[in-house]
Amino acid sequence: MYLKKYLSIVFIASFAFAKAQDQKTYKPHTIAFYNVENLFDTENDPITFDDDRTPDGKDHWTEAIYADKVQKMAKVISEIGLDVTKNAPALIGLAEVENRKTVEDLANDPQLLDKDYGIAHFDSPDRRGIDVALMYQKALFTPTDISKHELIIYDNEDPTKRRFTRDQLLVSGLLDGDMIHIIVNHWPSRSGGEARSRKKRMAAAALNKKLIDSLQSNDPYAKIITMGDLNDDPTSPSVKKVLKAQGNKDKVKDKMIYNPMEPMFKKGIGTLAYRDGWNLFDQILVTEPLLRKDYSSYRYFKVGIYNKNYLSNPKGRYKGYPYRSFANGGYTGGYSDHFPVYIILIKEVTTK
């Protein structure tokens, strides 16, 4: 792996890298996102459409199934970026969690308990009752501000009828003393077709851009990471025309956004599959200050999709697709219909 075109680095100790020529040492952290595919508890919420995900509901969602699902999600999270940082993600955004309880159960799983994850979460107005959330290791990240931002969109056929969807979660805080802003997204789905539903995601992108612009207005050098299940690819209009995200790092200028997922998508790499084709809906984008060459503070190093073999369907027509946890009316014992994604940030540290 390469820090810059000709600068190779090797792992030397927990949380550290060294450059052989001058023994510079770098501290890495993983920033990740995972759509955990309908992580519902077993209780019936009277104000959301979660009846199917109860023991007596259509999906027969029992405590045993829920516990297995939580354990599997915790296993995946514990391993994302582990080969580089020797640690679970410092921060991980989540989509399709039902409520704070499900995130707490995830954070308290034995595989993650020693990471002492804090939680940023608000209930969204989504009719299905699914939310976004952020988990952060308290020893590494200290939130200074947490807010939710409502996406107001309307029905295509009836412009007076509001369609309720997920809020966008904005968390600002200090990552080892560096101010970082994280936006967690789950944009409207492609239900009814990509073209028909496109304007809803364009509206989501516009809200996201508004948040980014606001942060940059307060601080032109703001380090912003926007992540989520965008239900669009890196080349979709919402990402290219509204966010104006660049897939070429060399073209990213002041206040612009870099999308490291775009080159991957153009190579046919994805995070979910549908009708024999791959999409890369799960994305992490960063603003220009994270690309600078001064490593006295955290900068972007690399991007990845965590798609280990056990996360892929092992057989049948959908072999190689993400091994989803629920299909054909029953629990499969799988994981999620999305692969998680991550970036690595690094900072030069002083050694004695």
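**Figure 1. Lysine side chains over the rings of Tyr335 and Tyr310 in the predicted model**. The charged end of Lys72 is placed over the ring of Tyr335, at 5.9 Å from the ring centre. A second lysine, Lys75, lies over the face of Tyr310, and here the distance to the ring centre is 4.7 Å.

**Figure 2. The aromatic pair formed by Tyr310 and Tyr335**. Ten aromatic pairs are counted in the model. In the pair shown, Tyr310 and Tyr335 meet edge-to-face, with 5.1 Å from centre to centre and an angle of 65° between the ring planes. The pair links distant parts of the chain, its two residues being 25 residues apart. Tyr310 belongs to the loop between strand E20 (299–305) and strand E21 (326–327), whereas Tyr335 belongs to the loop between strand E22 (330–331) and strand E23 (341–349). Tyr335 has a relative accessible area of 10%, which is under 20%, and therefore counts as buried. For Tyr310 the value is 25%, so this residue is classed as partly exposed.

**Figure 3. An aromatic cluster containing Trp278**. The side chains shown are those of Trp278, Tyr318, Tyr321 and Phe339, which together form one aromatic cluster.

**Figure 4. Strand E23 and its pairing with E5 and E20**. Strand E5 (residues 25–39) runs antiparallel to E23 and is joined to it by nine bridges. Within E23, Ile346 is the bridge partner of Pro28. E20 also runs antiparallel to E23, and six bridges join these two strands. Here Val303 has Ile343 of E23 as its bridge partner. Seven of the nine residues of E23 are buried, so the strand is largely enclosed by the rest of the structure.

**Figure 5. The N-terminal residues 1–16 and the confidence of the prediction**. Over residues 1–16 the pLDDT stays under 50, and the model has 37 contacts for them beyond four places in sequence. Where pLDDT is low, the predicted coordinates should not be read in detail. For the protein as a whole, the mean pLDDT is 92, and 93% of the residues reach 70 or more.

**Figure 6. The overall fold as context for the close-up views**. The protein contains six helices and 23 strands. Its C-alpha atoms fill a box of roughly 65 × 45 × 40 Å along the principal axes. A compact globule of 352 residues would have a radius of gyration near 20 Å, and the value of 20 Å for this protein agrees. Of the 352 residues, 56% count as buried. Among contacts with a separation of 6 or more, 68% come from residues 24 or more positions apart.

Definitions and conventions. Residues are numbered from 1 along each chain as its sequence is written. This is a predicted model: local features need pLDDT of at least 70, side-chain atom pairs count only at pLDDT 80 or more; totals for chains, interfaces and linings use all residues. Side-chain values use heavy atoms; hydrogens and water are left out. Rings of Phe, Tyr and Trp (its six-membered ring) pair if their centres lie within 6.5 Å; planes under 30 degrees apart count as stacked, over 60 as edge-to-face and the rest as tilted. Helices (H or I, at least four residues) and strands (E, at least two) are DSSP runs, numbered from the N terminus. Buried means under 20% relative accessible area, exposed over 50%, partly exposed in between (1.4 Å probe, protein chains only). A charge sits over a ring if NZ of Lys or CZ of Arg is within 6 Å of the ring centre and within 35 degrees of the ring normal. Two strands pair if DSSP finds at least two bridges between them. pLDDT is the predictor's confidence in each residue, from 0 to 100. Contact means heavy atoms within 4.5 Å. The radius of gyration is taken over C-alpha atoms; the globule rule is 2.2 Å times the number of residues to the power 0.38.
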